[in-house]
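Please take a moment with the sequence and the structure shown here, and then follow the paragraphs below, which go through a few chosen places one after another.

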Amino acid sequence: MFTTVGRWCACKPKRVVAGWLLLLATLAIAVGLLGRTTTEAVSIPGSDSQAAHDVAAGAFPGSASGTQPLVLRTGATGELLTSPGAMAAVQQAAAAVARVEHVVTVTTPYDPAGKAALSADGHTAYLSIALDVTGRDITADLTGRVVAAASPATAAGIEVTPGGYLAAAVDKGSVGRSEAIGLAAAFLVLLLALGGLAAAGLPLLLGVLGLGISLSLVGLLGHLIDMPSSGETIAAMIGLGVGIDYTLFCLTRFRELLAAGVGVEDAAVRTTSGSGKAVAFAGSAVIAALAGLALGGLPLLYALALAPGVAVLTALAVNLTLLPALLALLGRRLAPRRSGPAADRPSGWGRIAELVATRPWRLLLAGLALLGVLAVPATRLTFGQLDAGNNAVGTVSRTSYDRLAAAFGPGINGTLQITDSLPSAAADASDPRITAVTQALRATAGVAAVSAPQLGSAGTTVRWQLTPATAPTDPATTALVHRLREDTLPPVAAGSVHVGGAPAAQADLNERIAARMPLVVGFVLLVAGLLLLLAFRSPVVAAKAAVMNLISVAAAYGVLTAMFQWGWGAGLIGLDGAVPVPGYVPLLMFAVLFGLSMDYEVFLLSAVREAYLRSGDNRRAVVGGLAGTGRIITSAALIMVSVFLSYLLSQDPVVKMFGIGLATAVALDATVVRGILVPATMVLLGRGNWWIPRWLDRLLPHVDIEGDGHREAGSRAPAPAAAGTP
């Protein structure tokens with residue numbers, strides 16, 4: 001199949017190029033007409049917080065996204081918001097905001113229902129705005145129209161700052177600068193590795209094309225599912241990285257064939273049927289690992305797996321169709337410039353390979369010690385929750401967060417919603433059961449304030465808004481959620497009362513992820529092991545690769561814990577200090593890293609196994625495989641690390657976490673793991689690397705993941721020997 005596809009694309013290159021450009025133009029038009037939407041809303045089916053949300057939505061209709069604050073502040077020396085002039089300006093602003101499209105209701109701090117929205121010193125207040133659109137449809141344009149409508153307050157000297165989803169829509173920034181820096185760094189690496197402008201530019205061209213297509217698809221998917229803004233950024237990070245790397249692997253093979261005297265068209269076809277097949281195998285491993293996140297049972301995980309999955313799938317399609325077409329068009333302009341005796345000189349990686357083969361035990365223990373030290377902080381990794389208070393200083397969401405917290409206390413930014421379904425309709429809020437719940441809530445430790453109970457129109461549903469005494473990210477707030485559910489509410493309203501709101505939802509999310517994490521990890525390990533077993537027909541190689549990947553991921557978790565949870569060096573990456581690590585970050589990182597590690601594993605082991613099949617000398621095969629692939633693996637890793645680190649410029653702490661975590665893991669995987677641990681263990685195991693039980697050998701299908709049909713005939717693996725035989 002790969003040969004057929006490669007030959008058709010190489011024979012009709014202009015049609016293939018035109019088809020891809022047409023697809024890009026079509027998607028660009030669709031995005032221009034429909035827009036790209038994201039939302040930070042999180043649903044957790046089957047959770048208590050989701051039940052509270054659903055009950056409230058059914059009994060108190062009118063706002064599809066809850067209420068959004070519009071913060072008003074006069075400053076310590078300004079006019080009190082209770083003065084006649086300020087009150088008149090605020091009332092006029094509220095009336096104007098109420099006329100904005102999509103605004104359902106506006107509650108002022110002077111209304112009976114909004115009297116708690118005025119600070120004790122009278123200098124800060126907020127309007128509560130109910131909208132008829134969900135978070136994904138709240139745009140920066142809508143926020144701008146709301147703020148503009150509040151001009152009577154601004155004219156009176158009152159500072160107006162949107163909060164909630166209104167602020168998040170404004171803070172959704174472009175990651176174009178990060179991508180430009182990542183591309184520039186990748187170009188320098190490619191220029192040094194390939195030595196020609198045309199060869200260095202081709203991977204970038206395909207990477208950018210794939211990025212444009214995949215981001216357009218992910219943006220359009222946001223109309224169908226709740227896609228977080230970090231999902232688009234993660235898709236860009238991974239799509240750009242793997243897109244350039246996959247092209248680099250294939251281009252390297254194409255240049256080798258040209259140097260060997262193969263014709264341009266045949267070289268393009270053989271590249272697709274050989275390295276293209278290996279790339280498809282590696283990319284399928286990434287997608288399969290991401291698919292394991294579906295076992296988490298959370299829409300958020302589905303979206304965060306789907307976004308990079310689309311990016312990887314696009315990169316595969318580009319490399320299997322557009323690349324052979326461009327190889328045929330560019331031809332010998334991509335050929336290597338250097339050849340001859342210089343090419344036969346021992347490379348740096350060749351000397352490293354000899355050193356590892358000479359001292360395998362010493363280097364193996366040193367590598368394991370290094371990764372072990374880096375992994376130690378991971379033993380203290382705990383799942384937390386982020387909020388706008390973790391955003392960069394100066395962003396709209398952080399400004400509104402800080403102003404509300406300063407005026408009303410830290411809990412105002414993470415209120416809890418308590419709902420109760422009554423066994424029979426109540427006439428009013430003085431019902432004994434409602435009174436009992438209200439008193440119990442107000443008597444609970446850690447509660448700053450409880451609103452008056454609000455009874456639904458049917459009289460069977462009641463809700464309270466509870467303000468914690470601590471910030472949403474404080475573990476004490478999570479403890480309060482559990483205390484309410486387990487101690488406070490069951491005695492007075494067992495079975496029908498639910499605790500919701502953002503802190504409760506985040507607590508439920510982290511608990512669900514922690515419960516499902518062993519299942520997801522087990523699935524990813526199983527898939528990775530089976531794929532490697534299928535590719536290299538060696539249980540030893542498959543098991544060893546899984547263990548090595550676990551070690552490198554643990555080291556990446558350790559760096560993540562130290563930098564974010566402990567705050568070590570946080571200022572260097574644009575953070576004020578320590579920030580919590582959401583549970584989905586380590587889980588998604590695990591799936592992505594196990595998939596990405598397959599790229600280097602396949603590339604290295606393919607070279608080692610091919611050399612072993614020719615010579616039967618395990619030590620010579622390991623040294624030759626590492627020497628032959630070390631430079632290209634290092635170049636590919638440098639490109640990925642450059643792309644991932646460039647996203648540290650993002651203001652989103654989650655994006656920074658993925659940037660640091662993925663860059664660390666890839667750097668360690670390509671150097672310590674593939675450069676030291678894997679070859680050292682293979683030298684020590686000897687021919688035992690390729691041992692396979694006879695029954696398993698008969699059961700497994702024969703898959704040549706990098707064969708192009710032109711390998712030396714008659715290659716057979718020597719009979720396996722006991723482990724440790726050189």
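P308 counts as buried, because its relative accessibility is 0%, and the cut-off for a buried residue is under 20% relative accessible area. The model in which this value was computed is a predicted one. P308 has its place in helix α13, which covers residues 299-330. Leaving aside residues up to four places away in sequence, P308 touches I234, A235, I238 and L290. A further link across the sequence is the one with T233, since P308 and T233 are 75 residues apart in sequence, while from C-alpha to C-alpha they are 9.0 Å apart in space.

From there the reader can turn to helix α10, made up of residues 229-259, which packs with helix α11, residues 264-273, at an angle of about 140 degrees and with the two axes 9 Å apart. Because of that angle, α10 is oblique to α11, and α10 passes α11 in a right-handed crossing. Which residues meet where α10 and α11 come into contact? On the side of α10 they are C250, R253, F254, L257 and L258, and these meet V264, A267, A268, R270 and T271 in α11. Sorted by class, the contact of α10 with α11 has seven nonpolar residues, together with one polar and two charged residues.

C250, one of the α10 residues in that contact, leads on to the cysteines. How many disulfides does the structure hold? The number is zero. C11 is accordingly in no disulfide, and the nearest cysteine sulfur to it, that of C9, is 9.4 Å away, whereas a disulfide needs a pair of cysteine sulfur atoms within 2.5 Å. C11 is partly exposed, because its relative accessible area is 42%. C250 is likewise in no disulfide, and for C250 the nearest cysteine sulfur, again that of C9, is 12 Å away. C250 is buried, because its relative accessible area is 1%.

The last place to look at lies further along the sequence, at N549, which is found in helix α21, residues 539-565. Is N549 buried or exposed? N549 is buried, because its relative accessible area is 3%. Not counting residues up to four places away in sequence, N549 touches F594, S597, D669 and R674.

Key. Residues numbered from 1 in each chain as written. Predicted model: local features only at pLDDT ≥ 70, side-chain atom pairs only at ≥ 80, totals over all residues. Heavy atoms only, no water. Axes fitted to C-alpha atoms, helices over the stretch in contact; angles between N-to-C directions. Helix = DSSP H or I, 4+ residues; strand = E, 2+ residues; numbered from the N terminus. Parallel < 35°, antiparallel > 145°, perpendicular 65-115°, else oblique. Left-handed = near helix turned anticlockwise from the far one by under 90°. Contact = heavy atoms within 4.5 Å. Nonpolar A, V, L, I, M, F, W, Y, C, P; charged D, E, K, R; others polar. Buried < 20%, exposed > 50% of the residue type's maximum accessible area, 1.4 Å probe, protein only.
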